[in-house]
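Me: I would like a close look at one part of this model, the place where its two chains meet. Please also describe what the neighbouring parts of each chain are built from.

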Amino acid sequence: MLIGLDVGSRAAKAAYYSGDGYEFRIVSSQNWEDLLRDKEGVVVSTGYFRKRVPHDFNVTEITTAIYGVRRFIKRKVDVIIDIGGQDTKVIDIARNDFRMNDKCSAGTGTFLEYIASYFALDVAELAKLHRLAKCAAPINSTCSVFAQSEIVSRLVEGYTKEEVIKGVHHAFAKRIAQMVPKRARSVAVIGGTAKNRGVVEALGKELGVRVFVPEEPQVVNAVGAVEYYLAREGER
Amino acid sequence: MIGITALVPAEVIYSCGEAALDLNNFVPNSKLEPEEKLCAWTAIWRELVLRGKVKIDKLVVVAGGDCYNALVEGEKVELAGKPTHYFTYPFDRDSKVMQEELNALAEFLGGIKEEAFDEVAELKKLALEIHEMRCNGEVSAEKGFLIEVSGSDLMGSLEKYRSAIEEVREEEVDYEYRVALLGIPPIYPDFHAFLQEVGMHVVFDEMPFEFIRHSGKNLKEVARSYANYTFAGHIKHRLRFLESQLRRHRVDAVIHFQQFACHHKLEDRLLRDYLYEKLGYPYMTIEADLPSPTPQQARLRLEAFAERLREVW
């Protein structure tokens, strides 16, 4: 068996490949050992903790994202946006280039968790409320501190919780869109945040391009680790 | 001992019978947590001087061209009682103006006593030989960087600097890619060693190379040389200089190292547009704040950069 093991800042993901297909499992980062329990095979690790977990090979999540997206999306993708817990990576496949935001939580999963906790919601509920909004409240900042001050102002002005959340999603998408090359025509969004349809819709609007979301956006890098191994097998 | 805060012609300091001490060299290994911080470099050296952790008699601040945060930090040190001089590079590279600046510097230091121009020029020539060995893969980037970055103050003693150069031994450096490190020197002390680990040999450190590139046999020649310090003038000169150096050093990829709250950060777009978009060099930006071993986020970026280079850029 081949095991793609992606241990990131918030979640650990495994893709088990036996030759005829993949099985997946996701746990919190601290419980990554559960993913290897009773499993035997070649482990290809990725994610921030790729060198801290047992592995036969390790590769960065920039490379695994490219290989993983190729497996999941058969259409031409110019750019991959990987929204992680602690950082966001924008990978320009056409030019083999990438950019990362890892200096502040703006445009990362942590920011949305912060917003959800402000409203005493689970982060998974944000998309549901986004759908119910009649308009997006104007929010400009994606700095956690300044955004909270803007949120309070908008609520005081009479915007609903749903409209404020939709506004937050647009601010979030604008922040990420600044990192995306202007010539991109199609974008794939991966990472746990890609499950939030509100963010994906806002990204599509801000970028004005086709946005693809793989069926299992959170395990793309784990799958990509296996795919990278398979592609490189001949070289070993 | 004369504290300096960026590139100040050390030839003049030594010719005035004084020794130079580049305060920045204390920063990468400092554990000090500075108050009122924008740029970590300037805030840490300011605190080191104010708290007496680094002893200097006078301070020379590069106040124009190069580092602007240093200007205010220098004022704080001066108002705390340390004799301080503000050194300015001419933006238009006028060597006559540069010479006036050198004269003012010499006056602040008590005037030229015994010219050290020839000896400093000879030491810098030796440092340039180490640089060539590094380019040829005969000296590690880590050791080459140490010699070059120490060219700013010549280690506080010309003898000490000469010994350090003489101690460098030829070695064989294994690497996959030749890399240029642009911008300010990294605040992470293990940065060059880490790059070597992932197959990237830094053959050109922009600012440290400037430290050993300028010299002259007299004040006029020194002024003419330092007027061309590319970090201080219009960026168009720097871009042209970099283009020629990247070609000369047969560089495969470029890393731009920048510092939080440094005005040079604004140049990243210009460097990227010119070196990546126009000339086609693979380009990576790393931003740092406080000194520490190279953090995991930066390591991830650099490893991924090496992987991308392997996948044929």
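The reply below starts at the contact and then follows the elements that take part in it.

Reply: The model is predicted, and what follows describes that prediction. Chain A gives 25 residues to the contact, and chain B gives 18 residues. Between chain A and chain B an area of about 2,000 Å² is buried, and carbon and sulfur atoms give 43% of that area.

Next come the polar links. Between chain A and chain B there are 13 residue pairs in polar contact, counting pairs with both residues at pLDDT 80 or more. On the side of chain A that touches chain B, the elements giving two or more residues are helix 1 (61-72), strand 8 (97-101) and helix 7 (220-232) of chain A. By class, that side of chain A holds eleven charged, eight nonpolar and six polar residues. Five salt bridges cross the interface of chain A and chain B. One of the salt bridges joins R232(A) to E311(B), with 2.4 Å between the closest N and O atoms. A search of the whole structure, over all chains, finds 37 salt bridges.

Strand 8 of chain A deserves a second look. Strand 8 belongs to an open sheet of five strands in chain A, in the order 8-7-6-9-10 and with mixed pairing. Strand 8 and strand 10 (210-212) of chain A are at the edges and have a single partner strand each, so each has one side without a neighbour in the sheet. From one strand to the next, the twist of this sheet averages 20 degrees. Helix 13 (residues 296-310) of chain B lies across strand 7 (88-92) and strand 8 of chain A, and its direction makes about 170 degrees with strand 8 of chain A.

Further into the sheet of chain A, strand 6 (residues 79-83) and strand 9 (residues 186-190) run parallel and are joined by four bridges. V79(A) has V187(A), in strand 9 of chain A, as its bridge partner. A salt bridge within chain A links R183(A) and D92(A), whose closest N and O atoms are 2.7 Å apart. R183(A) sits in the loop between helix 5 (161-177) and strand 9 of chain A, while D92(A) is in strand 7 of chain A, so that the pair links distant parts of the chain, 91 residues apart.

On the other side of the contact, chain B has an open sheet of four strands, ordered 6-5-7-8, with parallel pairing. Its edge strands are strand 6 (200-205) and strand 8 (283-288) of chain B, each of which pairs on one side only. The twist in this sheet averages 30 degrees from one strand to the next. Five bridges pair strand 5 (residues 177-183) of chain B with strand 6 of chain B in the parallel sense. A180(B) has F204(B), in strand 6 of chain B, as its bridge partner. Helix 13 of chain B packs on this sheet too, touching strand 5, strand 6, strand 7 (253-259) and strand 8 of chain B, and makes about 175 degrees with the direction of strand 8 of chain B.

Thus helix 13 of chain B touches the sheet of its own chain and also lies across two strands of chain A.

How values were computed: Residues numbered from 1 in each chain as written. Chains lettered and ligands numbered in written order. Predicted model: local features only at pLDDT ≥ 70, side-chain atom pairs only at ≥ 80, totals over all residues. Heavy atoms only, no water. Contact = heavy atoms within 4.5 Å. Buried area = accessible area lost by both parts, 1.4 Å probe. Salt bridge = Lys/Arg side-chain N within 4 Å of Asp/Glu carboxyl O. Polar contact = N/O pair within 3.5 Å; in protein donor to acceptor, adjacent residues only side chain to side chain. Nonpolar A, V, L, I, M, F, W, Y, C, P; charged D, E, K, R; others polar. Pairing = 2+ DSSP bridges. Axes fitted to C-alpha atoms, helices over the stretch in contact; angles between N-to-C directions.
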